[in-house]
Amino acid sequence: MPSFFNFQQGSEARGGLGTESSPLLGRFRAVPDAQRIGRRNSYRSTLFGSFAGRGFGYSRVFGDGDESDEGDLLENEDMGALRRWGRAQRDLWLEPKQAAVGKLVDKWWTRWAVLVILPAALAVGWCALPFPQYDLPDEDGMLFKFDEGHKVPGHGEARVEINFWNFLFVYYGFYNITALMWITKVFNIYSLNWWPESFGFPLTVSIIAVISIATPIPIYCVPETRWITSHNTAWICWTFFTMAMPLIVASVMLLYHERHLSLRTSLSETQRIFTSSWWTGDTETVAARDRPRRANVQQAAFDPNAPLEVALATDNMHRTRAQALALRKRWLPASFMRFIWFCAALFIGMLAYVVGEAYAETYLRTLPHSTIQTIVYVYTWVITVHLLDGLTGWILGGNEGERVGSYPLGWIFKLYFSLTYQTYVRALYARLRSPSQFVYLQILSSSFLIILFPLTMSKPYHYVLTLLSINNQSLSAYQKFAARNIYIRSLAECVSMLAFLGAILVLHYGANKDVYPYFAFDRVTDGPGDGPLSGDGYDFGLTFYASIVTFACELVAAWIVRRILWYGWKMDVTGEAKQDLGMWPELLPTGVVVMVHVLQNMFFSIVRLRFH
């Protein structure tokens, strides 16, 4: 019997599903070696390992890596320890692979180390970088130290002057780089390179980083505008525009390549036979043909009473171009509309970032607060964040064909908003003056988690959402989303609290204590001695130990909710999260970058800027 294909027997021990480009035929793959090697090299040539072109299997909890995973595992046996470590880091952070990420998140201690301890440590280490500090000048031009006991600034006011250039190139530079990395990783999940191919990523991101650093310099050097640099909100807004630059570049590239037009290449004459343009004379492509096969048939041709008209060739040409222009304005491709929705989701996320800074600035300028004022502040921010989170979740969707329709992007943005909410609540803890305030906030928070979250998993609640056209998912898909949200909330609570506790220790006892007066916990001596607005209750010990107790209560509440979900609906919250992280390995590095960026936002909003 003649052989039509040279089949090569493969191993399907890991049970992955095939892709359209490499179909499974029993235990064999009808794919030449050269094609498989070329595809493997194309994956490794990407800078941050996007999802484009990858085939993901759903047959196992942690998924299966691409076809190069097995070869990499075999190669690791012959590599040295240093090269094995480098390969492992590449498989986790630069080109995430399902096998490596699945193995990492399978154990609770490695999962905690990477998803909780690592982001908190990076953020705390960043804010602990020492600033060159100078004493504040007196009104008469004399210098004085804060410790001398006179002219004590209020809470949130600058205590020392810092070096502008150190702040710009070190502190703000790392902050901007993290923001650009977060935008880049989100574009990776979206499977789109925002930088021009002719420039490449390193050059493009370097140009944007230089612009973000160089623009504030003339503002600082001009005495009339130097006051702007002392406002945190001004720096936050400039970072907002820096993060928007990749969106602008990507939009310009898509418009330049006419991705917003319906068809960008002309159809052949044979292809046009099967379209209406062949018979009606309509131009179905952007590049209009100068001579269509058949001209439009005018209604006057069938009217015997119509006056005699002479059709000129130039008129026909102008008419054809007008039709092409009208067709170009008729509709937009689905891919371009999806990109517009994606940009809208990113814009809302960055808007929450600016609104959060405005909230923090307002809270700092109106200290101290009573218990009622504190609760109003907290839950106003809760409502704001949840509204923006819900709008972003609706834009991203969870199913194919729904606007953006990306589950991994929904995962990342849910983490972004959850952590944004938690970070500002943690910063609030530093201004709670009594154990009762901690108790009230924790009772409200734990009650909502233990009572409301299981109710949102119930079938009647899902039926009401479906009846109101708020949710069109099946019950099982909706419960998976709800379980994912519970895990993300717990992750945000752990990361934010760990970073908050670390920042209290590092900033209260470290070299940057006067740069972060928010964590100095100095008592107000000119306020009322008693009463609800007295500042005497601010205390490091109360804040630190009460926060630890609050952290323990949050862990217990999260454990109770998970047990309720398991016994009530057989939903394994941790198992669902491990499945997501293993199935979409890009979630790991993107999630870590997002958490570091949001934690940096919290610390940046409370640093007091006054340049020497």
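Lys-570 counts as exposed in this predicted model, because its relative accessibility of 57% is over the 50% cut-off. You will find Lys-570 in the loop between H19 and H20. Its backbone deserves a look too: Lys-570 has a positive phi of about 55°, although it is not a glycine. To see what sets such a residue apart, keep in mind that most residues other than glycine have a negative phi.

Ser-191 is another residue other than glycine with a positive phi, here near 65°. Where does Ser-191 sit? Look in the loop between helix H6 (164-190) and helix H7 (201-214). With a relative accessible area of 35%, Ser-191 is partly exposed, because this value falls between the 20% and 50% cut-offs.

Now step into helix H7, where Val-205 is found. Is Val-205 buried or exposed? At 14% relative accessibility, Val-205 counts as buried, since the value is under 20%. Val-205 and Ile-177 are 28 residues apart in sequence, while their C-alpha atoms are 8.8 Å apart in space.

**Aromatic pairs**

A pair of aromatic rings is described by the distance of the centres and the angle of the planes. Searching the whole structure gives 46 aromatic pairs. Two of them are set out here.

| Pair | Distance of centres | Angle of planes | Kind |
|---|---|---|---|
| Trp-194 and Trp-195 | 5.8 Å | 85° | edge-to-face |
| Tyr-407 and Trp-584 | 5.1 Å | 35° | tilted |

Why is the pair of Trp-194 and Trp-195 edge-to-face? The planes of the two rings stand at 85°, and angles over 60 degrees count as edge-to-face. Both partners are buried: Trp-194 has a relative accessible area of 0%, and Trp-195 has one of 10%.

For Tyr-407 and Trp-584, the 35° between the planes is neither under 30 degrees nor over 60, so the pair is tilted. This pair links distant parts of the chain, with its two residues 177 residues apart. Tyr-407 belongs to helix H15 (residues 407-429), whereas Trp-584 lies in the loop between helix H20 (573-583) and helix H21 (587-606). Tyr-407 counts as buried at 9% relative accessibility, and Trp-584 counts as buried at 12%.

**Two helices side by side**

Two packed helices are described by the angle between their axes and the distance between the axes. Take helix H16 (residues 435-456) and helix H19 (residues 540-569): their axes come within 10 Å and cross at roughly 15°. That angle is under 35 degrees, so H16 is roughly parallel to H19. The crossing of H16 past H19 is right-handed. Which classes of residue make up the contact of H16 with H19? There are 15 nonpolar, 5 polar and 1 charged residues.

**A helix to check with a ruler**

Helix H14 (residues 371-396) lets you try a little arithmetic. At 1.5 Å a residue, its 26 residues should span 38 Å, because the expected span is 1.5 Å times one less than the number of residues. The C-alpha atoms at the ends of H14 are 37 Å apart, which agrees.

Which residues of H14 are buried? Among them are Trp-381, Tyr-377 and Asp-389, along with Thr-374, Thr-392 and Leu-388. Val-378, Val-382 and Val-385 are also buried, and so are Ile-395 and Leu-396 near the end of the helix at residue 396. Just after H14 comes Gly-397, which takes a positive phi of about 70°.

How values were computed: Residues numbered from 1 in each chain as written. Predicted model: local features only at pLDDT ≥ 70, side-chain atom pairs only at ≥ 80, totals over all residues. Heavy atoms only, no water. Helix = DSSP H or I, 4+ residues; strand = E, 2+ residues; numbered from the N terminus. Buried < 20%, exposed > 50% of the residue type's maximum accessible area, 1.4 Å probe, protein only. Axes fitted to C-alpha atoms, helices over the stretch in contact; angles between N-to-C directions. Parallel < 35°, antiparallel > 145°, perpendicular 65-115°, else oblique. Left-handed = near helix turned anticlockwise from the far one by under 90°. Nonpolar A, V, L, I, M, F, W, Y, C, P; charged D, E, K, R; others polar. Phe/Tyr/Trp six-rings, centres within 6.5 Å; stacked < 30°, edge-to-face > 60°.
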